[in-house]
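Let's take a walk through this protein, starting with its domains and ending with a sheet. Keep the 3D view open as you read.

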Amino acid sequence: ESTRSKLIHLLQDREREYVSGQVLSEALNISRSAIWKHMKELEKDGYTIEAAPRKGYRIVHTPDKLSANTVKWGLETNWLGQRLHHYSSVGSTQLHAHEFAQQNAEHGTVVLADEQTRGRGRLNRSWHSRKGEGVWMSMLLRPEIEPHRAPQMTLLAATVLAEVLKTHCGMKPQIKWPNDILSNGKKLAGILTELQAEHDQIQYIVLGTGINVNHEAEHFPEEIQSIATSVRNETGQSFELTPFIQALLQTFEKRYEEYMEHGFQRIKLRWEAFAYRIGERVVVKTAKREWRALLLGIEPDGALKVCDEDGKEEILYSAEIKWGKDEDE
Ligand code: BTX
């Protein structure tokens, strides 16, 4: 844990009370003038700090503003997000993460932006990423697994998103295989997993997540208004992005380690707890064809299992599922 985040912890533990420079300097093992410098940095990130002679320091206001510092301070992870880059506006956080990866950035590096002007989805689709209203984030991962297991990372990320939306926001999210997070059938978040592999080895994965948090319904572009939703839209409540992102990173790190240690089985169970439309009739679409099928569930490796109208079962590694309104798309 960095000195900064320890400092934030110390001040936040005694909410609204003064902590003396002496106490801070002893707890952190740095000089009182170094403490002063840290306080100035905190103010740059939007904290309001009160310094009173003989009493010490206290936080009067914690900023909602997203920055590398506000996310890192108080972040309880060992490796995920300990290297963190934040931008106010980018084309796509995915591209930045790929660049960092090629410059040998370490496992767990995170890229965040307030806004994306060219946010992307799968198959070159675009991802609307309005300024300050959502989590637009890419994580650089260097897992030691075989490339064919990379799609499991998408399912892992989906369970983490669903879990955090449930515990942090009190929602009942659903997962649509492989990568959509829905609420009441509308799209709340998406995941984009991009893999760089060579000689049958994963070099790195850039895992992008886009979550609509504080959008009002009319903030979405017209063409997706009927299919998109946000946390605020669903719960009637807005959420500060910083603690939400911290919860995501903390939960992701925990589940990732569980996956590395125990394999996909436990993730699968969690995934199934949130899975949507299992046992129901849907339309399945692949690059080659489109057909009606029964959604049976996922296989031990995360692949999708469906059954066509003649009772023939099939296992699919890449496909889209449609139902209801979007069946006719
Ligand atoms: P996807 O291909 O499953 O979904 C893309 C489709 O979703 C679009 O064609 C559109 O219909 C719809 N859509 C676009 N924007 C939104 C939105 N904000 N909310 C709901 N529906 C929308 C999903 O791809 C993967 C998205 C990953 C986004 C993250 S954000 C951080 C990172 N950077 C980046 O450029 N992409 C990822």
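What follows covers the domains, the contact between two of them, and then the strands. Bear in mind that this is a predicted model.

**Domains**

The domain assignment splits the protein into three pieces, listed here.

| Domain | Residues |
|---|---|
| domain 1 | 3-61 |
| domain 2 | 68-274 |
| domain 3 | 281-328 |

How far apart do the C-alpha centres of domain 2 and domain 3 lie? The answer is 24 Å. These two domains do touch: nine residues of domain 2 are in contact with eight residues of domain 3. On the domain 2 side, the elements that give two or more residues to this contact are α6 (150-169) and α9 (265-274). As for chemistry, the residues on that side of domain 2 come out as five nonpolar, one polar and three charged.

**The sheet**

Now for the strands. Seven of them make up an open sheet, and if you trace across it you'll read β3-β4-β5-β9-β8-β7-β6, with mixed pairing. Why do β3 (84-90) and β6 (174-176) each have one side without a neighbour in the sheet? Both stand at the edges with a single partner strand, so there is nothing in the sheet to cover that side. Going from one strand to the next, the twist averages 20°.

For a closer look, pick out β7 (residues 180-183) and β8 (residues 186-198). This pair runs antiparallel and is joined by four bridges. Within β7 and β8, you can find I181 standing opposite A189, the latter in β8.

Technical notes. Residues numbered from 1 in each chain as written. Predicted model: local features only at pLDDT ≥ 70, side-chain atom pairs only at ≥ 80, totals over all residues. Pairing = 2+ DSSP bridges. Axes fitted to C-alpha atoms, helices over the stretch in contact; angles between N-to-C directions. Domains from an automatic or database assignment. Contact = placed C-beta atoms within 7 Å. Nonpolar A, V, L, I, M, F, W, Y, C, P; charged D, E, K, R; others polar.
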